[in-house]
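Visitor: Hi! I'm new to reading protein structures. Could you walk me through this one?
Guide: Happy to, let's put it up and start wherever you like.

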Amino acid sequence: MANKWEKLNRKAIELMKSGEYAMALETAREAVSAARRQKGKPNLFVSLNNLGEICMLMGRATEAIPVFEQALELSVREHGPDRIEQAELFVSLAELHVSMGQHANAEPLLERAVFIQEKKRANDS
């Protein structure tokens with residue numbers, strides 16, 4: 001099963017990089033499905049993040065937001081809060097809200113991202 005996921009994930013990334021977003025979207029959705037079927041779902045976060053990125057590149061903010069939110073929930077549940085990948089998701093979510101003119105929704109997301117990054121920087125020193 002992991003091999004199938006790896007092939008789908010690699011293909012989705014290649015399609016995304018080549019600008020073939022419609023095909024990348026379909027392949028990324030297949031990768032999410034394959035990741036959900038894996039025992040322990042070790043690749044689900046990566047799959048959701050990739051799917052969200054593709055939706056974002058396609059200007060599909062309303063589709064990308066719940067996908068990124070799922071990835072964020074999964075990361076918090078599995079690794080606890082304040083991880084750097086969560087900061088990146090908060091930034092992506094904020095960008096999506098800004099693109100939809102929802103600046104008030106973006107601000108707390110950006111503040112959370114900055115908090116996580118500052119916390120990491122303090123811990124690294």
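Visitor: Which residue takes a positive phi just after α4?
Guide: That is Gly80, with a phi of about 85 degrees. Keep in mind that this is a predicted model.

Visitor: Does another helix end like that? What comes just after α5?
Guide: Just after α5 you find Gly101, and its phi is positive too, at about 75 degrees.

Visitor: Since it's predicted, what is the average pLDDT of the chain?
Guide: The protein chain averages 95, and 98% of the residues score at least 70. Among the elements, α2 has the highest mean, 97, while α1 has the lowest, 94. The reason to check is that where pLDDT is low, the predicted coordinates should not be read in detail.

Visitor: Back to α4. How many residues does it have?
Guide: Helix α4 has 19 residues, running from 61 to 79. From its first C-alpha to its last it reaches 26 Å, close to the 27 Å expected at 1.5 Å a residue.

Visitor: And what span should α5 have?
Guide: With 16 residues at 1.5 Å a residue, α5 should span 22 Å. Its end C-alpha atoms are 23 Å apart, which agrees.

Visitor: Which residues of α4 are buried?
Guide: They are Ala61, Ala64, Ile65, Val67, Phe68, Ala71, Leu72, Leu74 and Ser75. Several of those numbers are three or four apart, such as Ala64, Val67 and Ala71. An α-helix has 3.6 residues a turn, so residues three or four places apart point the same way.

Visitor: What covers them?
Guide: The cover includes α3 (44-57) and α5 (84-99). Turning to α5, its own buried residues pack against α3, α4 and α6. Among them are Leu89, Phe90 and Leu93, along with Glu85 and His97.

Visitor: How many residues are in the largest nonpolar core?
Guide: It has 35 residues, and Leu48 and Leu51 have the most contacts inside it. Six helices, α1, α2, α3, α4, α5 and α6, each supply at least two residues of this core. The largest share, eight residues, comes from α4. In soluble globular proteins, nonpolar side chains tend to be buried together.

Visitor: What is Leu48 in contact with, apart from its close neighbours in sequence?
Guide: Leaving aside neighbours within four places, Leu48 is in contact with Val32, Arg36, Val67, Gln70, Ala71 and Leu74. You may recognise Val67, Ala71 and Leu74 from the buried residues of α4.

Visitor: New topic: Asn9. Is that one buried or exposed?
Guide: Asn9 counts as buried because its relative accessible area is 10%, under the 20% cut-off. You'll find Asn9 in helix α1. Beyond its neighbours within four places in sequence, Asn9 is in contact with Ala31, Val46 and Asn50.

Visitor: And where is Asp82?
Guide: Asp82 is in the loop between α4 and α5. At 19% relative accessibility, Asp82 counts as buried, because the cut-off is under 20%.

Visitor: What does Asp82 touch?
Guide: Not counting residues up to four places away in sequence, Asp82 touches Arg112, Phe115, Ile116 and Lys119. Its side chain makes a polar contact of 2.3 Å with the side chain of Arg112. Another polar contact, at 2.9 Å, links the side chains of Asp82 and Lys119.

Note on methods
Residues numbered from 1 in each chain as written. Predicted model: local features only at pLDDT ≥ 70, side-chain atom pairs only at ≥ 80, totals over all residues. Heavy atoms only, no water. Expected span 1.5 Å × (residues − 1). Buried < 20%, exposed > 50% of the residue type's maximum accessible area, 1.4 Å probe, protein only. Contact = heavy atoms within 4.5 Å. Core = buried A, V, L, I, M, F, W, Y, C linked by side-chain atoms within 4.5 Å. pLDDT = per-residue confidence, 0-100. Polar contact = N/O pair within 3.5 Å; in protein donor to acceptor, adjacent residues only side chain to side chain.
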